[in-house]
Each structure stands twice: as structure tokens, then as C-alpha cells.
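User: Could you take a close look at one charged part of this model for me? I would like to see how its side chains are placed and what they touch.

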Amino acid sequence: MTALQPEVAALVTRQRLAAIEALRQSLPLHDPDRHALDLDADTAFAQLAVDHPEHCHEENQP
């Protein structure tokens, strides 16, 4: 495994989660599919914070 492979994998994960969130938000509020995507996206997003705490510091916030 090269030094960049974990970073590339993390980037792909973030891009996939962003695409899922964009799809979720494009669905009407009362669409069952929108809510079916909630749990998976929220869990995966929270796991990113666990996996990369160095990017979650207060000074990194806008």
C-alpha cells in the first residue's frame, strides 16, 4: 500500500457520502426514500469524525 492509498480511499468515501447527501436532499421531505438514506449517511458521516479526529478540531471550523 502506498502512502497515498489511505488518503485516496478517504477522499472517495467523502465524495460518495456527499453524493448520497445531495440525492437525499433532492428528494421531497415526505418521500420514504429520503428517510431511508438518513441513517446510513449520518452513521457514515459520524464515522468519518471518529476515523479522522485530526480534522475535527475547533480551529478547523469556519
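Analyst: Happy to help; here is a walk from the whole chain to the arginine in helix H1, and then on to the loop that follows.

Please keep in mind that this is a predicted model. The chain has 2 helices and 0 strands. Of its 62 residues, 15% are buried. Its accessible surface is about 5200 Å², and carbon and sulfur atoms account for 62% of that.

Now to Arg24, which sits in helix H1. Is Arg24 buried or exposed? Its relative accessibility is 14%, so Arg24 counts as buried, the cut-off being under 20%. Its charged side chain does have a partner: Arg24 and Glu21 form a salt bridge, with 2.7 Å from N to O. That distance qualifies because a salt bridge calls for a side-chain nitrogen within 4 Å of a carboxyl oxygen. In general terms, side chains of opposite charge can pair when their charged atoms come close. The structure holds 1 salt bridge, so this pair is the one to look for when you turn the model on your screen.

Where do the two partners lie along the chain? Both belong to helix H1 and are 3 residues apart, about one turn of the helix. Their surroundings can be compared by accessibility: Arg24 is buried at 14%, while Glu21 is partly exposed with a relative accessible area of 22%. The two side chains also make a polar contact, again at 2.7 Å.

What else does Arg24 touch, beyond its neighbours within four places in sequence? Arg24 is in contact with Arg34, Leu37 and Asp38. Helix H2 covers 32-51, so these contacts link Arg24 in helix H1 to residues of helix H2.

One of those residues, Arg34, leads us to a second charged side chain, Asp31. Asp31 is found in the loop between helix H1 (5-26) and helix H2 (32-51). Asp31 is buried too, but has no salt bridge. Arg34 is the nearest side chain of opposite charge, and it is 8.7 Å away, so the pair does not meet the 4 Å limit for a salt bridge. What does the side chain of Asp31 have beside it instead? One of its polar atoms lies 2.8 Å from the backbone nitrogen of Asp33.

For contrast, look at a nonpolar part of the surface. Leu4, Val8 and Val12 make a nonpolar surface patch of about 260 Å². Val8 is in helix H1 and is partly exposed, with a relative accessible area of 46%.

Terms used:
Residues numbered from 1 in each chain as written. Predicted model: local features only at pLDDT ≥ 70, side-chain atom pairs only at ≥ 80, totals over all residues. Heavy atoms only, no water. Helix = DSSP H or I, 4+ residues; strand = E, 2+ residues; numbered from the N terminus. Buried < 20%, exposed > 50% of the residue type's maximum accessible area, 1.4 Å probe, protein only. Areas by Shrake-Rupley, 256 points an atom, 1.4 Å probe, with all protein chains shown as cover. Lys, Arg positive; Asp, Glu negative; His and termini not counted. Polar contact = N/O pair within 3.5 Å; in protein donor to acceptor, adjacent residues only side chain to side chain. Patch = residues over 30% accessible without salt bridge, like charges linked within 9 Å, V, L, I, M, F, W, Y side chains within 5 Å. Contact = heavy atoms within 4.5 Å.
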